[in-house]
Amino acid sequence: MKKGDVAPVECPCCKKELFRKVLVSVNPDVWGRTVNSPAIKDDAKGDFMTCPHCKRRIAFFRDSGPVGVAFRLSPDQDCG
């Protein structure tokens, strides 16, 4: 992959596209959300994104990335 490449990220609940990520560096571990991706919000339960298809709350967690704070999909999702 090269800088500028785009890849879809699947919703863990409905399996449709949750958002798209773009490679923002020559480092293959540095990805960012595309500008038309849903916003990451926060509430009492933590960081999340609302799936544009199933409307579920998709949990994220903050992690240290190679260039600062990164948001990653949480392995624990409430898809019920």
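Me: Which residues make up the largest nonpolar core?
Reply: Happy to start there, keeping in mind that this is a predicted model. The core has 9 residues in all, and strands S2 and S6 each supply at least two of them. Its members are Val 9, Cys 11, Cys 13, Leu 18, Phe 19, Met 49, Cys 51, Ile 58 and Phe 60.

Me: How many aromatic pairs does the structure hold, and is the pairing of Phe 19 and Phe 60 stacked, edge-to-face or tilted?
Reply: The structure holds 1 aromatic pair. The ring centres of Phe 19 and Phe 60 are 6.2 Å apart, and their planes meet at 45°. Planes under 30 degrees apart would be stacked and those over 60 edge-to-face, so with 45° between its planes this pair is tilted.

Me: How many residues apart are Phe 19 and Phe 60?
Reply: Phe 19 sits in strand S2, residues 17–23, while Phe 60 belongs to strand S6, residues 57–65. The pair therefore links distant parts of the chain, and the separation is 41 residues.

Me: Is Phe 60 buried or exposed?
Reply: Buried means under 20% relative accessible area. Its ring partner Phe 19 has 10% and is buried. Phe 60 has a relative accessible area of 7%, so Phe 60 is buried.

Me: Which residues does Phe 19 touch, leaving out those up to four places away in sequence?
Reply: Good one to check in the viewer. Contact here means heavy atoms within 4.5 Å. With that cut-off, Phe 19 touches Ala 7, Pro 8, Val 9, Arg 33, Ser 37, Pro 38, Met 49 and Phe 60.

Me: Which cysteine is joined to Cys 13 by a disulfide?
Reply: The count comes to 1 disulfide. Its sulfur atoms are 2.0 Å apart, and the angle about the S-S bond is -75°, which makes the link left-handed. The partner of Cys 13 is Cys 79.

Me: How many residues apart in sequence are the parts that the pair of Cys 13 and Cys 79 ties together?
Reply: Cys 13 lies in the loop between strands S1 and S2, and Cys 79 in the segment after S7. Cys 13 is buried at 17% relative accessibility, whereas Cys 79 is partly exposed at 28%. Because of where the two cysteines lie, the pair ties together parts that are 66 residues apart.

Me: Why is there no bond between the sulfurs of Cys 11 and Cys 51?
Reply: A disulfide needs sulfur atoms within 2.5 Å. Cys 11 is buried at 0% relative accessibility, and Cys 51 is likewise buried at 0%. The closest cysteine sulfur to that of Cys 11 is in Cys 51, and the distance is too far for a bond, at 3.8 Å.

Me: What is the nearest cysteine sulfur to that of Cys 51?
Reply: Cys 51 is in no disulfide. Its nearest cysteine sulfur is 3.7 Å away, and a disulfide would need the two within 2.5 Å. That neighbouring sulfur belongs to Cys 54.

Me: Which residue forms a salt bridge with Asp 43?
Reply: The structure holds 5 salt bridges. In this one the closest N and O atoms are 2.8 Å apart. Asp 43 lies in strand S4 and its partner in strand S6, so the pair ties together parts that are 14 residues apart in sequence. The partner is Arg 57.

Me: Is Lys 2 buried or exposed?
Reply: Lys 2 forms a salt bridge with Asp 5, with 3.4 Å between the closest N and O atoms. Asp 5 counts as buried at 19% relative accessibility. Lys 2 has 58%, and since exposed means over 50%, Lys 2 counts as exposed.

Me: Which side chain makes a polar contact with the side chain of Asp 47?
Reply: Asp 47 is found in strand S5, residues 46–50, and is buried with a relative accessible area of 10%. Its contacts beyond four places in sequence include Ile 58, Phe 60 and Phe 71. The polar contact spans 2.9 Å, and the side chain on the other end is that of Arg 62.

Terms used. Residues numbered from 1 in each chain as written. Predicted model: local features only at pLDDT ≥ 70, side-chain atom pairs only at ≥ 80, totals over all residues. Heavy atoms only, no water. Phe/Tyr/Trp six-rings, centres within 6.5 Å; stacked < 30°, edge-to-face > 60°. Helix = DSSP H or I, 4+ residues; strand = E, 2+ residues; numbered from the N terminus. Buried < 20%, exposed > 50% of the residue type's maximum accessible area, 1.4 Å probe, protein only. Salt bridge = Lys/Arg side-chain N within 4 Å of Asp/Glu carboxyl O. Polar contact = N/O pair within 3.5 Å; in protein donor to acceptor, adjacent residues only side chain to side chain. Core = buried A, V, L, I, M, F, W, Y, C linked by side-chain atoms within 4.5 Å.
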